[in-house]
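I set out to record two topics in this notebook: charged side-chain pairs, and the relation between the chains. The entries follow the order in which I looked things up.

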Protein chains: 2
Amino acid sequence: MARPSSLDELIEALRCLPGVGPKSAQRMAYHLLQHNPRGGERLSLAIAHALKNLRHCIRCNNFTEAEVCERCASSKRDPSLLCVVEMPVDLNTMEQTHAFNGLYYVLMGRLSPLDGIGPRELAFERLMARVGDGLVKEVILATNFTNEGEATAHYLSELLRARGLKSSRIARGVPVGGELEFTDAATVAQALRERREY
Amino acid sequence: MARPSSLDELIEALRCLPGVGPKSAQRMAYHLLQHNPRGGERLSLAIAHALKNLRHCIRCNNFTEAEVCERCASSKRDPSLLCVVEMPVDLNTMEQTHAFNGLYYVLMGRLSPLDGIGPRELAFERLMARVGDGLVKEVILATNFTNEGEATAHYLSELLRARGLKSSRIARGVPVGGELEFTDAATVAQALRERREY
């Protein structure tokens, strides 16, 4: 006495979302059907629409609906600075600081040999082609300070050095508003090593 | 310099799923676009298909693709026993016990005055029409043992009594394999009150 197949298929399909296991998929399916069919309709259309319309910007690799995204096409941004981030969310975080007026490149991932993600999977050659446009003077490596993000930054810095391009890494240290007492030892040690003249 | 609108719409639409806030919606959207566009396509179709095909069984109120679901249409189930549960997942749990061969009625909720869910929202009159088919001899109330589930069972038992129908409540007690030491006091007290002759 199985469940109707379109319900089973919906539950199964929901599991493609990250962090959604069999139990949450079931809960989501029943919620959509029982309490929010209009939301479900909207979601179905939004997915189809996004998959159809979004592609990668040929300059920054971020998602866009045009060939070149609005930011890369803007004349108000400084084309001599290129900030490399792992994911679009990181780009958003950088933008929220209002502290950077250059351009970006989104790797859409990080080096992760255990998951089979190497320089080829991240298309580092596209990034190298991008930085070779004659305008980029400095590449700011803003990958995360995780092991994988650090390895990615290190690898990229070597590639950039080989091409004679200046690269830099955003600073590690005690967070703004942070108290030494509550900051982990590795961060404090790093802040000490990377101290700046006052 | 906003995000492309179809991306924003996808992120917004994902928030109709229960337990999905702005951060997870963003993560899900990027995951679908970057790592699993085929899964996204499948999900989009599955939602549309489920919304189009599924409806409530006119007998048990569970989701079905036919007018009457397979279980209600089966001649192998005992029509004199009707088990009332809150949600389809509860029905599935009951079925997994292989201990019940009667029919079901799914309330699709529970009484919850604070959320504005009363007897009318749960269409208790449909359940009353269902139990009045002349075949049902006993209504087993298997709502959850939460405050709301208990209130729902109590309310239904009064309605059923007024119609001269026998109703029963599934038993509370120490779980199978449970040790008294690790069982909460309220459960042990209930097990004591509802003790059975050996």
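I took a salt bridge to be a side-chain nitrogen of Lys or Arg within 4 Å of a carboxyl oxygen of Asp or Glu. I note at the outset that the model is predicted.

**Entry 1: salt bridges, overall**

I looked up the total and found 20 salt bridges over all chains. As general background, side chains of opposite charge can pair when their charged atoms come close.

**Entry 2: Arg172(A) and Glu150(A)**

I examined Arg172(A) and found that it forms a salt bridge with Glu150(A), with 2.7 Å between the closest N and O atoms. I then located both partners: Arg172(A) lies in the loop between strand S6 (166–169) and helix H8 (185–193) of chain A, while Glu150(A) lies in helix H7 (residues 147–162) of that chain, so the pair ties together parts 22 residues apart in sequence. I checked accessibility next. Arg172(A) is partly exposed, at a relative accessible area of 32%, and Glu150(A) is partly exposed as well, at 25%.

**Entry 3: Lys166(B) and Glu138(B)**

In chain B, I found a salt bridge between the side chains of Lys166(B) and Glu138(B), at 3.8 Å from N to O. This pair links distant parts of the chain, for Lys166(B) sits in strand S6 (residues 166–169) and Glu138(B) in strand S5 (residues 138–141), 28 residues apart. Are the partners buried or exposed? Lys166(B) counts as exposed, because its relative accessibility is 52% and the cut-off is over 50%. Glu138(B), at 18%, counts as buried, since the cut-off there is under 20%.

**Entry 4: Glu150(B) and Arg169(B)**

I next recorded a salt bridge between the side chains of Glu150(B) and Arg169(B), at 3.0 Å from N to O. Glu150(B) belongs to helix H7 (residues 147–162) of chain B and Arg169(B) to strand S6 of chain B, and the pair links these distant parts, 19 residues apart. I found Glu150(B) partly exposed at 25% relative accessible area, and Arg169(B) partly exposed at 27%.

Returning to chain A, I noted that salt bridges with shared partners join Glu150(A), Arg169(A), Arg172(A) and Glu194(A) into one network.

**Entry 5: how the chains are related**

How can chain B be laid on chain A? A turn of 180° with a shift of 0.0 Å along the axis does so, with an RMSD of 0.1 Å. I therefore recorded the relation as that of a two-fold axis. In chain B, the C-alpha nearest the axis belongs to Ser44(B), 2.1 Å from it.

Lastly, I compared the interface residues: 100% of those of chain B are also interface residues in chain A, so the copies meet through the same surface.

Methods:
Residues are numbered from 1 along each chain as its sequence is written. Chains are lettered from A and ligands numbered from 1 in the order in which they are written. This is a predicted model: local features need pLDDT of at least 70, side-chain atom pairs count only at pLDDT 80 or more; totals for chains, interfaces and linings use all residues. Side-chain values use heavy atoms; hydrogens and water are left out. Helices (H or I, at least four residues) and strands (E, at least two) are DSSP runs, numbered from the N terminus. Buried means under 20% relative accessible area, exposed over 50%, partly exposed in between (1.4 Å probe, protein chains only). Copies are superposed by least squares on the C-alpha atoms of residues with pLDDT of at least 70 in both. Contact means heavy atoms within 4.5 Å.
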